[in-house]
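Here's a quick walk through one protein model, from the overall layout down to a strand, a serine and a helix. Have the structure open while you read.

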Amino acid sequence: MTNYYDIDDILAEEELVSVMFQKAVNGVAIDPSSETDSVESGSKVELPFWLAKELHLRQVAVMGLPACFNQRTRLEIQADAAFVDLRSRSQYFYEFGCKIAPLVGDRTIGSWLLSTFKSRYKEVLTKAHTAVFAASSKYLTVLSKEETKMYEAAQSSMTAFKKWRIGGPRFQKASFLGRKRKSSE
């Protein structure tokens, strides 16, 4: 179920999915150029995931596997996962995959998403800790939303660590503690 207050969750459900209607439906205007407000059985259209899911659960339509999870994408990721542009396929690649997996009848999506994440995880963290700004901004364009958040968190933690290492707040605490001891003696 969608988290009502999570904008990323809402946007993930806006991904388009190909559906084929199993039943004729009247009173729906999916195609504005159509003269009738109905959809015939066997019609194929692209709908946002949130609508396709409801139609699928009501057994009105069957969802097709989105292109971002097809065999071609799987082969590209298998060849070199770190450099596949997931953002162009689906900005919410992992979240969308988790939502669609139980509905499309492909039991391999879950384990494939996990192995994809594992293979990209190390590369994302390595780049976050070592990349210079110009290179990192280009690298960010191929990351999914989840990976971008992870990258930014890793960069933030590395910045905090470097600040701590060169003498950030720890010396202030130490000098504060030292003054307390002297005054108590």
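Two residues are in contact when they have heavy atoms within 4.5 Å of each other. Keep that in mind for the serine further down. And a caveat before we start: this is a predicted model.

**The big picture**

The protein has 185 residues, and 34% of them count as buried. Its accessible surface comes to about 12100 Å², with 57% of that belonging to carbon and sulfur atoms. You'll find 9 helices and 5 strands here. Reading from the N terminus, the order is α-β-β-β-β-α-β-α-α-α-α-α-α-α. Among contacts with a separation of 6 or more, 65% are between residues 24 or more positions apart.

**Strand E1 and its partners**

Take a look at E1, residues 16-21, where the side chains alternate. Val17, Val19 and Phe21 point to one face and are buried. Leu16, Ser18 and Met20 point to the other face and are not buried. E1 runs antiparallel to both of the strands in this table.

| Strand paired with E1 | Bridges to E1 | One bridge pair |
|---|---|---|
| E4 (residues 44-48) | 5 bridges | Ser18 with Glu46 |
| E5 (residues 61-63) | 3 bridges | Met20 with Val62 |

**Ser90, tucked into a loop**

Now jump to Ser90, which sits in the loop between helix H4 (86-89) and helix H5 (93-104). Is Ser90 buried or exposed? Ser90 has a relative accessible area of 2%, so it is buried. So which residues is Ser90 in contact with, leaving aside its neighbours within four places in sequence? They are Glu15, Cys68, Phe96 and Ser144. With Glu15 there is also a polar contact: the two side chains are joined at 3.2 Å.

**Helix H8**

H8 covers residues 145-165, which makes 21 residues. From its first C-alpha to its last, H8 reaches 30 Å, close to the 30 Å expected at 1.5 Å a residue. Its buried residues are Glu147, Thr148, Met150, Tyr151 and Ala154. Seen down the axis, these buried residues of H8 fall within an arc of 160°, so they line one face of the helix. Swing round to the face turned away from that buried side and you meet the exposed residues Thr159 and Lys163. After H8 comes Gly167, with a positive phi near 115°.

Technical notes:
Residues are numbered from 1 along each chain as its sequence is written. This is a predicted model: local features need pLDDT of at least 70, side-chain atom pairs count only at pLDDT 80 or more; totals for chains, interfaces and linings use all residues. Side-chain values use heavy atoms; hydrogens and water are left out. Helices (H or I, at least four residues) and strands (E, at least two) are DSSP runs, numbered from the N terminus. The expected span of a helix is 1.5 Å times one less than its number of residues. Buried means under 20% relative accessible area, exposed over 50%, partly exposed in between (1.4 Å probe, protein chains only). The arc is that of the directions from the helix axis to the C-beta atoms. A polar contact is a pair of N or O atoms within 3.5 Å; within protein, one must be able to donate a hydrogen and the other to accept it, and residues adjacent in sequence count only if both atoms are side-chain atoms. Accessible areas come from the Shrake-Rupley method with a 1.4 Å probe; for residues, only the protein chains shown count as cover. Two strands pair if DSSP finds at least two bridges between them.
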